[in-house]
Amino acid sequence: MKVDENYVRMKIEELSCIGRDDKGVLSRLAYSPSFWKSVHWLEKLMKEAGLTVTIDGVGNVIGSMPGEEGYGDIILGSHIDTVLNAGSFDGAVGVIAAVETARALRREKKRLRHPLKIIAFAEEEGLVISGLFGSRAYIGKIEAYSQDSQIASEIGIDFNQIRNSATDVSKIQCYLELHIEQGGVLEKNEKDIGIVTAIVGYERYKITIHGKENHAGTTPMEFRDDALVKAAKMILDLPQKAVEIDKEMVCTVGVIKAYPGACNTVPGKVIMEVDMRAVEESSIEKLRKYMYSYYCEKDMEIQQELSEPPARMNKKIQEKIEAACKKQGYSYHYMPSGAAHDTTAMSLVTSCGMIFIPSIGGISHSPKECTAYEDVNKGTQILMDTLLLLDNFGQ
């Protein structure tokens, strides 16, 4: 069963126009006017594909196709919200490709045994509330007293809407997501398809380092208590220690602020944020323990801001993706995902698989983000073929 390559390209390009300003900058933040415009655009697209469509209380767009009684839902999904100054492919590829699978089934008059759901999850990016908000609401993982619920209420989403967005997870058979890689591994290895083995776990920390403000000209070096110098040592040390623990692990300091922030004053305080990620949870634990034991002194405070365990992909689904690649003659590469996706949330309640396609130059979250449409078409075909394998043989 072949997918319509022209349709996928046309709809990705149409979607990329929603939220693009007169300077050509694309920003479609969750719950913004452009986001809701894209929601209703997608609703129309899904209905044209023969799906029954609902938009739940948190903005998830859910297209449904019935199957036979007694079978669990196969869900295909991704997201349509973007970061600021975004590219056109992140999330959008997976949603439009999934809609095309429904169109193909309708064209061929084929009825799946399993009910099919295609979902565009809201607020994957986490720039308005927190990341994976829509998918976590869908599986009932947001509590009334949580910060997510409080922020949601500020933009007009009350907890009843969040609660009513939760599905019966016992009816889910499996979840499958097509996504751009957002890195350069597939391109470097000249592979068509990435078969994701796991999504890395990650932890984030806010670290406050105290020193003593003083005059930059009159304070001798030997008498200084420079908070920024202390921070610099930590910034150099933690990534090196991460690689020593696990060569696949990454550690990043992406935010750093020195106070008072004057070039003629020795910094008396630094606030920075540390992000550590690894497929092996034990690796994160080792780096965390090292950081606390070596750096948590009287003049330093370490506060955990976020923690997400690794998400393992189902091996049988990986095998189905591989079989689909062999059928089409596409090269493939088993690999972890260094970024979180809606699959991360869905893996808490069901068996999951992810399909990656190459990102040119390994660039994402940027206007320069690009994936060749030849690769988009290959990914869409593998999504279609894997869906059929999952439906015929279970997972």
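**Exercise 1. Which residue of strand 2 stands opposite Val 53, and how do strand 1 and strand 2 pair?**

Step 1. In this predicted model, Val 53 stands opposite Gly 63 in strand 2. Strands here are DSSP runs of E with at least two residues, helices are runs of H or I with at least four residues, and both are numbered from the N terminus.

Step 2. Strand 1 and strand 2 pair in the antiparallel sense over 4 bridges, where pairing requires that DSSP finds at least two bridges between two strands.

Step 3. The two strands form a hairpin with 5 residues between them, and Gly 59 in the turn has a positive phi of about 95 degrees.

Two remarks on conventions apply throughout. Residues are numbered from 1 along each chain as its sequence is written, and side-chain values use heavy atoms, with hydrogens and water left out. Because the model is predicted, local features need pLDDT of at least 70 and side-chain atom pairs count only at pLDDT 80 or more, whereas totals for chains, interfaces and linings use all residues.

**Exercise 2. Describe helix 2 (residues 33–48) by its span, its buried residues and what covers them.**

Step 1. Helix 2 has 16 residues and reaches 23 Å from its first C-alpha to its last, close to the 22 Å expected at 1.5 Å a residue; the expected span is 1.5 Å times one less than the number of residues.

Step 2. The buried residues of helix 2 include Phe 35, Trp 41, Leu 42, Glu 43 and Met 46. Buried means under 20% relative accessible area, exposed means over 50%, and partly exposed lies in between, with a 1.4 Å probe and protein chains only.

Step 3. Helix 1 (5–17), strand 1 (52–55), strand 2 (61–65), helix 3 and strand 4 are among the elements that cover these buried residues, and Gly 50, whose phi is positive, near 90 degrees, follows the helix.

**Exercise 3. What is the strand order of the open sheet of 4 strands, and which strands stand at its edges?**

Step 1. The order is 9-11-7-12, with antiparallel pairing.

Step 2. Strand 9 (250–259) and strand 12 (300–308) stand at the edges with a single partner strand each, so one side of each is left without a neighbour in the sheet.

Step 3. Strand 7 (residues 201–210) and strand 12 pair in the antiparallel sense over 8 bridges, and the bridge partner of Ile 207 in strand 12 is Ile 302.

**Exercise 4. How many aromatic pairs does the structure hold, and how is the pair of Phe 89 and Tyr 373 arranged?**

Step 1. The structure holds 11 aromatic pairs. Rings of Phe, Tyr and Trp (its six-membered ring) pair if their centres lie within 6.5 Å, and planes under 30 degrees apart count as stacked, over 60 as edge-to-face and the rest as tilted.

Step 2. Phe 89 and Tyr 373 form a tilted pair, 5.6 Å centre to centre with 55 degrees between the planes.

Step 3. This pair links distant parts of the chain, 284 residues apart, with Phe 89 in the loop between strand 3 (73–79) and helix 3 (92–107) and Tyr 373 in helix 12 (residues 373–393). Phe 89 and Tyr 373 are buried.

Step 4. Phe 121 and Tyr 138 form an edge-to-face pair at 5.8 Å centre to centre, with 65 degrees between the planes. Phe 121 lies in strand 4 (residues 116–121) and Tyr 138 in helix 4 (residues 133–138), so the pair ties together parts that are 17 residues apart in sequence.

Terms used. Contact means heavy atoms within 4.5 Å.
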